[in-house]
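I opened this model to see how its parts fit together. My notes follow in the order I looked things up.

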Amino acid sequence: MPSSSSGSGFFGLSALTRRNKSSGHVVEVVMGGRSTLYHVYKRPFVDFFLRTVSGWYTLVIFTASMQEYADPVIDWLDAGRGILSNRLFRDSCTQLPNGSYTKDLSVVEGDLARVCLVDNSPISYRVNEANGIPIEGWTHDPSDEALLDLLPVLDSLRFTSDVRRVLGLRCVNGST
């Protein structure tokens, strides 16, 4: 389950620069011999969400972010718990002519019946649209409950033989 290339997505990883650094985490990214500091913040309820969902699923981070940026952020989210089992980065994505990235879930698992991708960018799951679960991006709203809202959906998907059959009902009913 990914974050997004825009920096504000599923997990609410946001490269916001705020004066109050105590509520976030500083990540140093070194690329091309140049160091940049990013202040990242957790979306509300992300720790509870990850702890809960990791009991139901194998969690994989599939991000369009560069590995140099994403690795330290994922390490911070995982906090040594080992609940994030695999990481895929921009080099596992396909860049589209408009510059955005799409994620082919077959690199995660060959059998897509048991795979879903939560992302704030519908382009990200364009290749496997039937596996996509949209979520609004997060830009630091402390009252955000989007991750809590996903829990009943993810809980129910554990009991189906093919998540695409259930997720595909959205399109049939006209609600995407």
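I start with a term I need for the side chains: a polar contact is a pair of N or O atoms within 3.5 Å, and within protein one must be able to donate a hydrogen and the other to accept it. The model is predicted, so I read side-chain atom pairs only at pLDDT 80 or more.

**Entry 1: Lys103 and Asp119**

I looked up Lys103 with that term in hand. The side chain of Lys103 reaches the backbone oxygen of Phe62 at 2.9 Å. I placed Lys103 in the loop between β6 (101-102) and β7. Is Lys103 buried or exposed? Lys103 counts as buried, because its relative accessibility is 0% and the cut-off for buried is under 20%.

Which side chain does Lys103 meet in a polar contact? I found Asp119, joined to Lys103 side chain to side chain at 2.7 Å. Asp119 sits in strand β7, residues 117-119. Asp119 is buried as well, at a relative accessible area of 1%. I then checked where else the Asp119 side chain goes. It reaches the backbone nitrogen of Ser121 at 2.9 Å. So I note a buried Lys103 facing a buried Asp119 through a polar contact of 2.7 Å.

**Entry 2: the chain as a whole**

I stepped back to count elements. The chain has five helices and eight strands. From the N terminus I read the order as β-β-α-β-α-β-β-β-β-β-α-α-α. The chain has 176 residues, and 42% of them count as buried. I also looked at contact range. Among contacts with a separation of 6 or more, 64% are between residues 24 or more positions apart.

**Entry 3: the nonpolar cores**

How many residues does the largest nonpolar core have? I get 25. The residues with the most contacts inside this core are Phe49, Leu50, Leu84, Ile133, Leu154 and Leu157. I listed the elements that give two or more residues to it: α1 (46-54), β3 (59-62), α2 (67-78), α3 (146-157) and α4 (163-167). Helix α3 gives the most, with six residues. Another core lies apart from this one and has 11 residues. Cys93, Leu105, Leu112 and Val115 are among them.

**Entry 4: α1 against α3**

I turned to the pair α1 and α3. Their axes come within 10 Å and cross at roughly 15°. That makes α1 roughly parallel to α3, because angles under 35 degrees count as roughly parallel. The crossing of the two helices is left-handed. Which residues make the contact? From α1 I noted Val46, Phe48, Phe49, Thr52 and Val53. From α3 I noted Leu147, Leu148, Leu150, Leu151 and Leu154. Phe49 and Leu154 also appear among the residues with the most contacts inside the largest core.

**Entry 5: Arg87**

Arg87 is in strand β4, residues 84-88. I read Arg87 as partly exposed, because its relative accessible area is 23% and buried would need under 20%. Arg87 touches Ile61, Asp71, Ile74 and Asp75, leaving out residues up to four places away in sequence. Two of these are acidic partners in polar contacts: the Arg87 side chain is joined to the side chain of Asp71 at 2.7 Å, and to that of Asp75 at 2.7 Å. I also checked Arg87 against Leu59. They are 28 residues apart in sequence and 9.1 Å apart in space, C-alpha to C-alpha.

**Entry 6: Phe89**

I found Phe89 in the loop between β4 and β5 (94-95). Phe89 counts as buried, at 6% relative accessibility. What does Phe89 contact beyond four places in sequence? I listed Phe62, Thr63, Ser65, Gln67, Ala70, Asp71 and Ile74. Phe89 and Ala64 are 25 residues apart in sequence, yet 5.5 Å apart in space, C-alpha to C-alpha.

**Entry 7: positive phi**

Last, I looked at backbone angles. Ala79 has phi near 50°, a positive value in a residue other than glycine. Ala79 lies in the loop between α2 and β4 and counts as exposed, at 52% relative accessibility. His140 has phi near 105°, again positive in a residue other than glycine. I placed His140 in the loop between β8 (132-134) and α3.

Key: Residues are numbered from 1 along each chain as its sequence is written. This is a predicted model: local features need pLDDT of at least 70, side-chain atom pairs count only at pLDDT 80 or more; totals for chains, interfaces and linings use all residues. Side-chain values use heavy atoms; hydrogens and water are left out. Helices (H or I, at least four residues) and strands (E, at least two) are DSSP runs, numbered from the N terminus. Buried means under 20% relative accessible area, exposed over 50%, partly exposed in between (1.4 Å probe, protein chains only). Contact means heavy atoms within 4.5 Å. A nonpolar core is a set of buried Ala, Val, Leu, Ile, Met, Phe, Trp, Tyr and Cys residues joined through side-chain atoms within 4.5 Å. Axes are lines fitted to C-alpha atoms, for helices over the stretch in contact, and angles run from 0 to 180 degrees between N-to-C directions. Angles under 35 degrees count as roughly parallel, over 145 as roughly antiparallel, 65 to 115 as roughly perpendicular and the rest as oblique. A crossing is left-handed if the near helix is turned anticlockwise from the far one by less than a right angle, and right-handed if clockwise.
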